[in-house]
Amino acid sequence: MINDSHFEKKNFRSLIESDEIGNVEERLNVIDAFLNTEEHVTLEEMMQLLKDRGFDYETEFVRQCMNRWVSHGFAQKKLFEGQPPRYEHRHLGRHHDHLICTKCGRITEFWNEEMEMLQLRIATSHGFHMLQHKMEIYGLCSQCVSERAPLMPLAMAKSGERLIIADIMGGVQARDRLASMGLRKGDQLEVINNDGFGRLIVGHDTIRIALGRGMAQKIMVSLPNRKPDEVDI
Ligand SMILES: [Zn+2]
Ligand SMILES: [Zn+2]
Ligand SMILES: [Zn+2]
């Protein structure tokens with residue numbers, strides 16, 4: 001990797017010298033900080049990495065450097081849902097996909113041959129000439145799952161989560177009210193929208209239900225117990 005980055009810096013230097021844009025050494029300092037982290041970094045994180053190295057550059061200068069780095073094929077700009085743009089090192093000829101934790105933001109990379117071949121087969125079967133693809137899986141990382149309380153009120157769930165009604169607090173009245181909407185203990189719900197303030201929209205079977213926050217506090221939910229070979233999608 002060290003040799004790789006040494007070679008890439010030389011490659012980049014000759015490209016920016018031919019661009020004749022000046023500040024070559026400063027630009028190389030930005031690139032050096034970036035190459036040293038094999039992470040998916042935001043512009044803000046880049047600014048911090050540079051500060052840690054004693055460089056105090058203008059944000060706009062660093063943004064331009066990163067964009068040039070992208071346009072010359074050394075980095076890729078990623079737009080993961082719910083996150084600011086991130087830059088990642090682009091290794092020519094090497095591809096990977098991502099798992100994105102919607103709780104802590106952690107990004108995990110993976111590559112799966114079967115998945116790659118399947119996508120190519122799907123495209124080809126449609127007479128489609130595939131050039132590239134993005135595979136992003138959103139959910140909770142293993143650490144966030146392990147730190148999560150086994151039971152929580154539905155009101156705390158995030159949009160997009162699929163959960164099981166484990167218990168209904170608030171006595172017979174609340175249970176009857178929910179039963180009249182078709183919701184019972186053991187049912188699976190999909191949280192369609194929870195903005196943290198108003199009503200929640202949940203999907204149950206084929207219907208969408210609006211629940212007040214008070215009611216959503218009374219519904220205790222848990223994650224479905226899923227093993228990799230019995231996941232329903
Ligand atoms: Zn892929
Ligand atoms: Zn996480
Ligand atoms: Zn990546």
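Is H98 buried or exposed? In this predicted model, H98 counts as buried, with a relative accessibility of 2%. The residue contributes its NE2 atom to the zinc ion (ligand 3), whose protein donors also include H40 (NE2), E88 (OE), H96 (NE2) and E109 (OE). The donors lie 2.1 to 2.2 Å from the metal, and the donor residues follow the spacing H-x47-E-x7-H-x1-H-x10-E in sequence. H98 belongs to strand β3 (residues 97-101) and E109 to strand β4 (residues 107-110), so this pair ties together parts that are eleven residues apart in sequence. E109 is partly exposed, its relative accessible area being 39%.

The zinc ion (ligand 2) is held by the SG atoms of C101, C104, C141 and C144, at 2.3 Å. The angles among the four donor atoms run from 105 to 115°, and the site is tetrahedral. Along the chain, the donor residues are spaced C-x2-C-x36-C-x2-C. Two of these cysteines were examined for accessibility: C141 is buried at 10%, and C144 is likewise buried at 5%.

Apart from the metal sites, the model contains an open sheet of six strands with antiparallel pairing, in the order β6-β11-β7-β8-β9-β10. Strands β6 (152-153) and β10 (207-211) stand at the edges; each has a single partner strand, so one side of each is left without a neighbour in the sheet. Within the sheet, strand β7 (residues 162-168) runs antiparallel to strand β11 (residues 219-222), and four bridges join the two. I164 stands opposite S222 in β11.

Technical notes: Residues are numbered from 1 along each chain as its sequence is written. Chains are lettered from A and ligands numbered from 1 in the order in which they are written. This is a predicted model: local features need pLDDT of at least 70, side-chain atom pairs count only at pLDDT 80 or more; totals for chains, interfaces and linings use all residues. Side-chain values use heavy atoms; hydrogens and water are left out. Donors are N, O and S atoms within 2.8 Å of the metal (3.2 Å for Na, K and Ca); water is not among the atoms, so sites may look incomplete. Buried means under 20% relative accessible area, exposed over 50%, partly exposed in between (1.4 Å probe, protein chains only). Two strands pair if DSSP finds at least two bridges between them. Four donors count as tetrahedral if all angles lie between 85 and 135 degrees; four count as square planar and six as octahedral if opposite donors are over 155 degrees apart and all others between 65 and 115; anything else is irregular.
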